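Good morning, colleagues. Today I shall take you through one structure, beginning with a helix and then moving to the sheets and the nonpolar cores. Please look at the sequence and the model as I show them.

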Amino acid sequence: MSKQTDSTAEVLLEKKGGAGIITLNRPKVLNALNLPMIQKIYPQIKAWEQDPQTFLIIIKGTGGKAFCAGGDIRAITEAGKVGDKMTQEFFIREYRLNNAIGTCKKPYVALIDGITMGGGVGVSVHGHFRVATEKTVFAMPETAIGLFPDVGGGYFLPRLSGKIGYYLGLTGFRLKGRDVLKVGIATHFVESEKLPALEKDLIALKSPSKEKIADILNSYHAKCTIDQEKEFVLDEHMEKINSLFSGNSMEEIVKKLKQDGSPFAMKQLETINKMSPTSLKLTLRQLREGASMSLQEVLQMEYRLSQACMKGHDFYEGVRAVLIDKDQSPKWKPAALEEVSDEFVDNCFKPLGNEDLKL
């Protein structure tokens with residue numbers, strides 16, 4: 001795979017020096033991940049992992065705006081409406097790819113320059129190194145479309161410090177630039193314009209060990225002074241986030257927010273009130289359970305949840321309101337947290353027998 005890669009392909013896979021390079025190439029749709037892309041990336045990662053001449057894997061996006069804004073939600077919605085098998089196929093393949101990245105034996109470097117959300121987080125956050133820039137915008141906004149922060153969100157979110165992962169997963173709050181590093185989602189922070197030079201240096205490594213790759217990333221990181229003095233955006237709210245989002249149920253979290261009554265708490269309440277009540281309940285339990293699970297167990301749990309969402313109402317309604325009609329006023333069913341029964345939530349987490357995700 002040399003330079004002659006078809007530049008119109010949705011994903012470019014090339015070998016440069018000792019590096020396997022994955023380039024997400026759908027800039028018009030912010031490099032959203034579709035099934036054909038996933039089906040090309042997975043076997044390539046597996047092949048590079050076995051290849052003694054490949055020492056590291058780099059993943060990046062084209063177009064300058066996004067690394068990857070998420071999974072191709074529209075295609076899944078269309079499939080779900082007509083009962084197409086793709087609603088299973090997409091999640092199976094996507095979660096297997098997330099697991100391949102999480103278990104990859106070769107150092108995996110994700111250059112998360114620009115918008116990195118949902119499925120884009122799934123193909124970066126589980127790798128060894130995640131390089132953010134001043135253009136990075138991270139979010140897991142799934143509760144707004146009747147879904148939940150999947151692609152292993154149940155694994156990495158509850159492992160962030162304090163309750164910040166719960167806060168990010170439930171509210172879809174966007175982190176920008178250096179804050180993505182401060183929260184622990186990125187491992188390094190480098191100027192966007194320095195990424196081509198960084199990539200070149202990584203490719204030029206003669207016998208790249210994880211340590212040598214880390215050395216190069218550390219040296220670029222150390223030289224980057226953008227926003228160095230800036231306080232973490234949530235710094236002043238961390239104490240509140242840790243206490244308010246430690247509730248054992250969504251109802252308890254809402255009650256805490258109301259009782260707190262501060263402008264910050266009221267703003268969170270307003271955000272939560274816009275989200276799918278079903279999604280909120282599924283997400284809180286997903287994160288609480290995922291905190292003590294392996295990545296593989298989390299992905300199996302999330303696959304069960306994905307299939308429950310595909311059979312429900314809120315996902316299709318959320319996609320309609322946010323992505324298709326863009327009226328931003330979804331009519332959730334049920335419309336209130338109190339109406340989402342524990343029994344319903346329990347059912348969403350039940351094993352699917354032969355239909356369960358196999359990793």
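Let me begin with a question: how many of the 17 residues of H3 are buried? The count is 13, and H3 is therefore described as mostly covered, where buried means under 20% relative accessible area. I should state at once that this is a predicted model.

The geometry of helix H3, residues 86–102, can also be checked. At 1.5 Å a residue, its 17 residues should span 24 Å, and the end C-alpha atoms are 24 Å apart, so the two values agree.

I turn now to the sheets. Strands of a sheet pair through backbone hydrogen bonds, either parallel or antiparallel. One open sheet here has 6 strands in the order E1-E2-E3-E5-E7-E10, and its pairing is mixed. At its edges are strand E1 (11–16) and strand E10 (188–189), each of which pairs on one side only. E1 runs antiparallel to strand E2 (residues 19–24), and 6 bridges join them. Within that pair, Lys16 has Ala19 of E2 as its bridge partner. Across E1, E2, strand E3 (56–61) and strand E5 (108–112) lies helix H1 (residues 35–50), at about 20 degrees to E1.

Another open sheet is formed by 4 strands, ordered E4-E6-E8-E9, again with mixed pairing. Strand E4 (66–68) and strand E9 (175–176) are the edge strands, each pairing on one side only. Strand E6 (residues 115–117) and strand E8 (residues 137–139) are parallel partners over 3 bridges, and Ile115 has Val137 of E8 as its bridge partner.

Let us return to strand E5, which contains Val109. Is Val109 buried or exposed? Its relative accessibility is 0%, so Val109 counts as buried. Leaving out residues up to four places away in sequence, Val109 touches Leu56, Ile57, Ile58, Ile59, Phe129, Val131, Leu202 and Ile213. Its C-alpha atom is 8.8 Å from that of Lys60, although the two residues are 49 apart along the chain.

Finally, the cores. The largest nonpolar core has 91 residues, of which Ile22, Leu24, Leu168, Ile185 and Phe245 touch the most other members. Helix H14 (residues 295–311) gives the most to this core, with 8 residues. Apart from it lies another core of 19 residues, including Ala19, Phe129, Val131 and Leu217. As for Ile185, its contacts beyond four places in sequence are Val125, Arg130, Phe138, Phe156, Leu160, Leu168, Leu175 and Val180.

Methods: Residues numbered from 1 in each chain as written. Predicted model: local features only at pLDDT ≥ 70, side-chain atom pairs only at ≥ 80, totals over all residues. Heavy atoms only, no water. Pairing = 2+ DSSP bridges. Helix = DSSP H or I, 4+ residues; strand = E, 2+ residues; numbered from the N terminus. Expected span 1.5 Å × (residues − 1). Buried < 20%, exposed > 50% of the residue type's maximum accessible area, 1.4 Å probe, protein only. Contact = heavy atoms within 4.5 Å. Axes fitted to C-alpha atoms, helices over the stretch in contact; angles between N-to-C directions. Core = buried A, V, L, I, M, F, W, Y, C linked by side-chain atoms within 4.5 Å.
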